[in-house]
Structures are given as structure tokens and as C-alpha cells.
Amino acid sequence: MRNDFDLTAYRRSTIGFDRLFDILEGRMRAEAGDNYPPFDLEKLSDDRYRITLAVAGFGPDDIEIVAKQGELLVTGRKTEDRGNGDYLHRGIAARPFERRFELADFVEVRSAEFANGLLTILLEREIPEAMKPRKIPIAGANPQLSTVEPEREAA
């Protein structure tokens with residue numbers, strides 16, 4: 001993917017889209033950089049997602065997960081040295097990493113689990129009740145919803 005696209009002209013002619021441009025520019029920089037560790041992103045349902053990172057060589061104590069305002073940051077740093085053994089080949093990565101994920105509004109981290117060299121993070125979008133669409137009844141369209149009492153005939 002080309003990563004030399006300049007968004008400056010669009011920034012000058014738009015108002016209120018700063019966060020969108022920051023996300024786009026951040027993505028372009030990230031794609032040009034390191035793709036370690038590899039990960040899968042799954043959509044489990046309309047509002048549930050799962051991120052699985054392959055972090056072989058790391059343990060749960062070597063990894064930190066931080067969720068903050070629209071961003072999920074996963075960092076890994078080895079706390080122990082594997083020693084200076086007589087390796088013929090070192091193919092299991094042990095270098096530090098930092099992987100960022102942009103989160104949409106109302107997406108929250110529900111859990112994280114580490115097993116068999118895979119870190120699994122479950123996410124869920126939970127829209128507050130006040131933000132959910134609701135149907136508004138129209139008075140007068142249904143006699144039961146009308147607040148006007150029908151006239152009574154004089155006896």
C-alpha cells in the first residue's frame with residue numbers, strides 16, 4: 001500500500017475531522033512499519049469481536065494490555081533473558097513489540113486470555129440506552145395513545 005499520501009489539503013478544508021485524519025495517518029505509518037506480532041481480528045457477532053495475537057516466546061507477565069479513549073495498546077517486553085546459549089538458529093522472536101488498535105465508540109475490552117502462545121482479547125460494543133434508537137408514539141394516530149377523552153353523549 002502506498003503510504004506517501006498527503007492529507008494536508010483535506011485537513012485545511014474540513015472542520016471537526018481531526019480525529020479521523022489522525023487515525024488515517026496513524027494507520028498509514030503503522031502499515032509501513034513492523035507487522036510483529038501477527039494477529040487475527042474476528043467479528044463474532046454484530047457487537048462482539050476477538051483479537052488473537054501470536055506471541056510465542058512471551059508469557060502473561062511479559063505482556064501489558066491498556067485500553068484508553070478509543071485505543072487498545074498491547075505491549076510485550078521480555079523480563080528474562082534466554083541466556084547466551086550456543087544457538088545455531090534463533091527463530092522465536094523475543095524483541096519488544098507494541099501493537100495499537102483503534103476502537104470505535106462504545107467498544108470495550110471484556111477479557112483477555114493467554115494460552116499456548118496466543119493472546120486472545122474479547123471486545124464488545126455496548127451502546128448506552130440513551131443513545132439507542134427508540135420509537136416515538138404519535139398521539140392521535142392510535143385511539144389508545146390519545147390523551148383527549150372522547151365526548152360522551154348526554155343521557
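Here are some exercises with worked solutions on a predicted model.

**Exercise 1. Work out which elements the protein has and in what order they run from the N terminus.**

Start with the count: the protein has two helices and seven strands. Now walk the chain from the N terminus, and you get α-α-β-β-β-β-β-β-β. So much for the inventory; next comes how the strands pair up.

**Exercise 2. Find the order of the strands in the open sheet of four, and name its edge strands.**

Step one: the order is β1-β2-β7-β6, with antiparallel pairing. Step two: look for strands that pair on one side only, and you land on β1 (39-45) and β6 (107-115). Step three: check the twist, which averages 20 degrees from one strand to the next. Step four: zoom in on β6 and β7, which run antiparallel and are joined by eight bridges. A handy marker for the register is Ala115, which stands opposite Leu118 in β7.

**Exercise 3. Do the like for the open sheet of three strands.**

The order here is β3-β4-β5, again with antiparallel pairing. The edges are β3 (63-68) and β5 (97-102), each pairing on one side only. On average, neighbouring strands of this sheet are turned by 15 degrees against each other, direction ignored. Now take the two pairings in turn:

- β3 and β4 (residues 71-76) are joined by six bridges, and Glu64 stands opposite Thr75 in β4.
- β4 and β5 are also joined by six bridges, and Leu72 stands opposite Phe101 in β5.

**Exercise 4. Which side chains of β5 are buried, and which are not?**

Go along the strand and sort the side chains by face. Phe97, Arg99 and Phe101 point to one face and are buried. Glu98, Arg100 and Glu102 point to the other face and are not buried. Note that an arginine, Arg99, sits in the buried set.

**Exercise 5. Locate the largest nonpolar core and say which elements feed it.**

This core has 16 residues. Those with the most contacts inside it are Ile51, Val55, Leu72, Val74, Leu119, Ile121 and Leu123. Two or more residues each come from β2 (48-54), β4, β5 and β7 (118-125). Now pick Leu119 and list what it touches, skipping residues up to four places away in sequence: among them are Ile51, Leu53, Val55, Ile63, Ile65 and Val74. For the wider picture, buried residues make up 19% of the 155 residues in the protein. Among contacts between residues at least 6 apart in sequence, 49% join residues at least 24 apart. As for the surface, the protein exposes about 12400 Å², with carbon and sulfur atoms supplying 51% of it.

**Exercise 6. Hunt down the backbone oddities and place them in their loops.**

First, recall the baseline: most residues other than glycine have a negative phi, and most peptide bonds are trans. Then go through the exceptions:

1. Tyr36 and Pro37 are joined by a cis peptide bond, with omega about -5 degrees. Pro37 lies in the loop between α2 (18-32) and β1.
2. Phe106 has a positive phi, near 70 degrees. Its place is the loop between β5 and β6.
3. Asn116 also has a positive phi, about 55 degrees. Look for Asn116 in the loop between β6 and β7.

**Exercise 7. Classify Phe106 and Asn116 as buried, partly exposed or exposed.**

The cut-offs you need are under 20% relative accessible area for buried and over 50% for exposed. Phe106 has 33%, so it counts as partly exposed. Asn116 has 80%, so it counts as exposed.

Note on methods. Residues numbered from 1 in each chain as written. Heavy atoms only, no water. Pairing = 2+ DSSP bridges. Axes fitted to C-alpha atoms, helices over the stretch in contact; angles between N-to-C directions. Buried < 20%, exposed > 50% of the residue type's maximum accessible area, 1.4 Å probe, protein only. Contact = heavy atoms within 4.5 Å. Areas by Shrake-Rupley, 256 points an atom, 1.4 Å probe, with all protein chains shown as cover. Core = buried A, V, L, I, M, F, W, Y, C linked by side-chain atoms within 4.5 Å.
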